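This report concerns a single protein chain. Its sequence and structure are shown below for inspection.

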Amino acid sequence: MTTSPASGSVVSPDRVVLRAAVAANLGRYRGDTRLHTQSDLRVYLTWCANHDLDPLTVARADIERYVRWLQDVRRFQPSTVSRRLSIVVGFYRVCVIDDILPHSPADYVRRPTVPPESPTLGLGHLQFEALITTARLSANPNDFALVAMLGLIGLRIFEACGASRVFSPAGQRTCRLAPSSRAAPVAASPGPHDT
């Protein structure tokens, strides 16, 4: 048995190995990718705990049950199920690489079929018109600016959130965008006389 430094309580050797395996897996990622991976892995480990399963002794059939739970109980789309399963597969791959497990129980788990293109094409013309009209009527002028940048210029949300307002010498408002491989560095926004 090992003593946990945080609480002084006794931790079983199996828990220590599991914590080390999780830390080794998460150590491969940084930033937001690490946070998302940690979140998805936490869902799997919680599911295992709720079903009295030790994640380091599960069988392929247990991981198949987890996939069915994501599909049938949580009702996630195939792309979300596939992404969450990829996190589990990666976790077990690291366990094999680090000699924690002799083989991965996730090797032959069937993945859901994910269409190559998103079935959602975006808003229709009338839907976008209703959205931009609602944003224009909002008391917050930023609502209209955000909807206009996303819908009319085609920005991604992270590009729009990184935007800063800049005034040109002629008095026209311009918007400096977050650097991206596809976005123009500056986009004009309507001035107060244009709305």
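The following text describes the overall architecture, the salt bridges and one helix pair.

## Overall architecture

The model is predicted. The protein chain contains 7 helices and 5 strands. Along the sequence these elements follow the order β-β-α-α-α-α-α-α-α-β-β-β, with two strands preceding the run of helices and three strands following that run.

The protein chain has 195 residues, and 31% of these residues are buried. Among the contacts with a separation of 6 or more, 39% join residues that are 24 or more positions apart. The accessible surface of the protein chain is about 13000 Å²; carbon and sulfur atoms contribute 56% of this surface.

## Salt bridges within helix H3

Across the whole structure, 5 salt bridges are found. Three pairs whose partners lie in helix H3 are listed here.

| Acidic residue | Basic residue | Closest N and O atoms | Spacing in helix H3 |
|---|---|---|---|
| Glu64 | Arg60 | 3.4 Å | 4 residues |
| Asp62 | Arg65 | 3.2 Å | 3 residues |
| Glu64 | Arg68 | 3.2 Å | 4 residues |

Helix H3 comprises residues 60-73. Glu64 takes part in a salt bridge with Arg60 and in another with Arg68. The spacing between Glu64 and Arg60 corresponds to about one turn of the helix, and about one turn likewise separates Glu64 from Arg68. Asp62 and Arg65 are also about one turn of helix H3 apart.

Are the acidic partners, Glu64 and Asp62, buried or exposed? Glu64 has a relative accessibility of 12% and therefore counts as buried. Asp62, at 14% relative accessibility, is buried as well, because a residue under 20% relative accessible area is classed as buried. The arginine partners fall in another class: Arg60 is partly exposed at 40% relative accessibility, Arg65 is partly exposed with a relative accessible area of 40%, and Arg68 is partly exposed at 34%. In each of these pairs, then, a buried acidic residue meets a partly exposed arginine: Glu64 meets Arg60 and Arg68, while Asp62 meets Arg65.

## The pairing of helices H2 and H3

Helix H2 spans residues 31-50. The axes of H2 and H3 come within 11 Å of each other and cross at roughly 115 degrees. H2 is therefore roughly perpendicular to H3, because angles of 65 to 115 degrees are assigned to that class. The crossing of H2 past H3 is right-handed. On the H2 side, the contact is formed by Asp40, Val43, Tyr44 and Trp47; on the H3 side, Asp62, Ile63, Arg65, Tyr66 and Trp69 take part.

Two of the H3 residues in this contact, Asp62 and Arg65, are also joined to each other by a salt bridge. From H2, Asp40 contributes to the contact and also belongs to a network of salt bridges with Arg83 and Arg84.

## Ser82 in helix H4

Helix H4 covers residues 78-97, and Ser82 is one of its residues. Which residues does Ser82 touch, not counting those up to four places away in sequence? Its partners are Arg111, Pro112 and Val114. With a relative accessibility of 16%, Ser82 counts as buried, because this value is under 20%.

Methods
Residues are numbered from 1 along each chain as its sequence is written. This is a predicted model: local features need pLDDT of at least 70, side-chain atom pairs count only at pLDDT 80 or more; totals for chains, interfaces and linings use all residues. Side-chain values use heavy atoms; hydrogens and water are left out. Buried means under 20% relative accessible area, exposed over 50%, partly exposed in between (1.4 Å probe, protein chains only). Contact means heavy atoms within 4.5 Å. Accessible areas come from the Shrake-Rupley method with a 1.4 Å probe; for residues, only the protein chains shown count as cover. A salt bridge is a side-chain nitrogen of Lys or Arg within 4 Å of a carboxyl oxygen of Asp or Glu. Axes are lines fitted to C-alpha atoms, for helices over the stretch in contact, and angles run from 0 to 180 degrees between N-to-C directions. Angles under 35 degrees count as roughly parallel, over 145 as roughly antiparallel, 65 to 115 as roughly perpendicular and the rest as oblique. A crossing is left-handed if the near helix is turned anticlockwise from the far one by less than a right angle, and right-handed if clockwise.
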